[in-house]
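Reader: I am new to this structure. Can we go through it by question and answer?

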Amino acid sequence: MSNYQAEEEDAAYMDRVDDDMDDVDDDLDDDFHGDDMAASDSDVDEFDYSSNKIADTSAEQARKGKDIQGIPWDRLSITREKYRQTRLDQYKNYENVPNSGDSSGKDCMVTQKGAIFYDFWRNSRSIKSSILHFQLRNLVWATSKHDVYLMSQFLVSHYSTLTSGKHEVLNVQGHVSPSEKHPGSLLEGFTKTQVSTLAVRDKFLVAGGFQGELICKHLDRPGVSFCSRTTYDDNAITNAIEIYNKPSGALHFTASNNDCGVRDFDMERYQLVNYFRFPWPVNHTSLSPDGKLLTIVGDNPEGLLVDPNTGKTLGTLAGHLDFSFASAWHPDGLTFSTGNQDKTCRVWDIRNLSKSVAVLRGNLGAIRSIRYTSDGKYMAMAEPADFVHVYDVSKGYETEQEIDFFGEISGISFSPDTEALFIGVWDRTYGSLLEYGRHHNYSYLDSYL
């Protein structure tokens, strides 16, 4: 869609989402500012009144029955179960192809829910995650189990789970310009960049903007290293960024744009080294672990598997019914997944692309983010709101953990060591960062007790 159309759709979507929880929020406002506030139970207080800070929810409090988001259901006129059903009944999935979500169910697997692969650790209300483009949700990235980077309005913030502290990494509200000089870098920089997508890996960060902006920052250096504008087309939105290392070790990133282009940048030389154009806007790309295959998905029900060096199409992915906005490779390099607005995630095997290995279905809407753990054991897929599904890959995706909460999802990220899962929640009242830790069975320790 054009930038103008995207802005109209974004505004309409944001307005609708803001209204979705109004009834609950109004009840909460009455409760928290009412006369009986002083008499409330400290375990469910929204604020730590001594420090004037919003209270987080810990694993211990959750075990005692506190809602993980701090929603005091016992004070409200609606139960959690009733509100959940209301959301399931009334949430409107955005579709570019009418009725794609209703038509996609016939191929879907029946999975066994109820598994626990990741345990709830903490809900951090002090860090507010946000989104700007309603279809793009890759705005949360973990570089370790203690370090998370996410968008919060015009700020890229770093959050430490060790200190529960945050600090500003990149502020794009004003003027941003590179402090280093490299050929092709826009030394004049950008002003008030609207960040549509983000990627962080190791010590390197790339933010992509609505006007094709690319802002590159090495986290261990002061200032911004490189600025570029991919295109001056009207269809300029940077839809996705993927950072990777070439077999030589050289640092690269791939930018997927609404102008139908995929561009590969070498950050060792600060140069654009490849530019491929496709018949439709590209919403997401992901590179196979060996660097030999590139998944391309976008404003077309069919996806592509291409040669990342030449752009030549090597295979076609047929099965989805709407536009796709997510993809991810399993570490084995043989299978990968794609997420679509038809409410499904499809798993593919490069040895036979004629049929999906598995078709997994969401509850509310499109699958907008997909991540695998680095050991390949688990895959997580995020819907636009309320649900993140974690599947046991080793058991053929047949068992899943369904993480259930309320609010739009700005992004999901496993830590590189697989020990943590982070979920960004965007909501005007309950915006936060949900932290989960990998579940371990330490029953062998019982012998020492």
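Reader: What is the order of the strands in the open sheet of 4 strands?
Author: A caution to begin with: this is a predicted model. The pairing in this open sheet is antiparallel. The order of its 4 strands is 20-21-22-23.

Reader: Which strands are the edge strands?
Author: An edge strand pairs on one side only. Two strands fit that description. They are strand 20 (282–287) and strand 23 (313–317).

Reader: What does the twist average from one strand to the next?
Author: The sheet in question is the open one with the order 20-21-22-23. From one strand to the next, its twist averages 20 degrees.

Reader: Which residue in strand 23 stands opposite Leu305?
Author: Strand 22 covers residues 300–306, a range that takes in Leu305. Strand 22 runs antiparallel to strand 23, and 4 bridges join them. Opposite Leu305 in strand 23 stands Gly315.

Reader: Where is there a positive phi in the hairpin of strand 28 and strand 29?
Author: Strand 28 and strand 29 (residues 378–382) pair in the antiparallel sense over 4 bridges. Between them lie 5 residues. In the turn, a positive phi of about 80 degrees belongs to Gly376.

Reader: Are the residues on the two faces of strand 28 buried or exposed?
Author: In a regular strand, side chains alternate between the two faces of the sheet. In strand 28 (residues 369–372), Ser369 and Arg371 lie on one side. Ile370 and Tyr372 lie on the other. Both faces are covered, and these four residues are all buried.

Reader: Which residue in strand 29 stands opposite Ile370?
Author: Ile370 belongs to strand 28, on the side it shares with Tyr372. Strand 28 pairs with strand 29. The residue of strand 29 opposite Ile370 is Met381.

Reader: How many residues are in the largest nonpolar core?
Author: Leu170, Leu198, Leu205, Phe253 and Met267 have the most contacts inside this core. Elements giving it two or more residues include strand 9 (165–171), strand 12 (195–201) and strand 17 (251–257). Another core, of 20 residues, lies apart from it, with Ile68 and Tyr436 among them. The largest core has 37 residues.

Reader: What does Leu170 touch?
Author: Residues up to four places away in sequence are not counted here. Among the residues it touches are Phe154, Leu155 and Val156. Others include Val176, Leu205, Ala207, Ile215 and Val224.

Reader: Why is Cys108 buried?
Author: Buried means under 20% relative accessible area. Cys345, at 0%, therefore counts as buried. Cys108 is buried too, because its relative accessible area is 17%.

Notes: Residues numbered from 1 in each chain as written. Predicted model: local features only at pLDDT ≥ 70, side-chain atom pairs only at ≥ 80, totals over all residues. Heavy atoms only, no water. Core = buried A, V, L, I, M, F, W, Y, C linked by side-chain atoms within 4.5 Å. Buried < 20%, exposed > 50% of the residue type's maximum accessible area, 1.4 Å probe, protein only. Contact = heavy atoms within 4.5 Å. Pairing = 2+ DSSP bridges. Axes fitted to C-alpha atoms, helices over the stretch in contact; angles between N-to-C directions.
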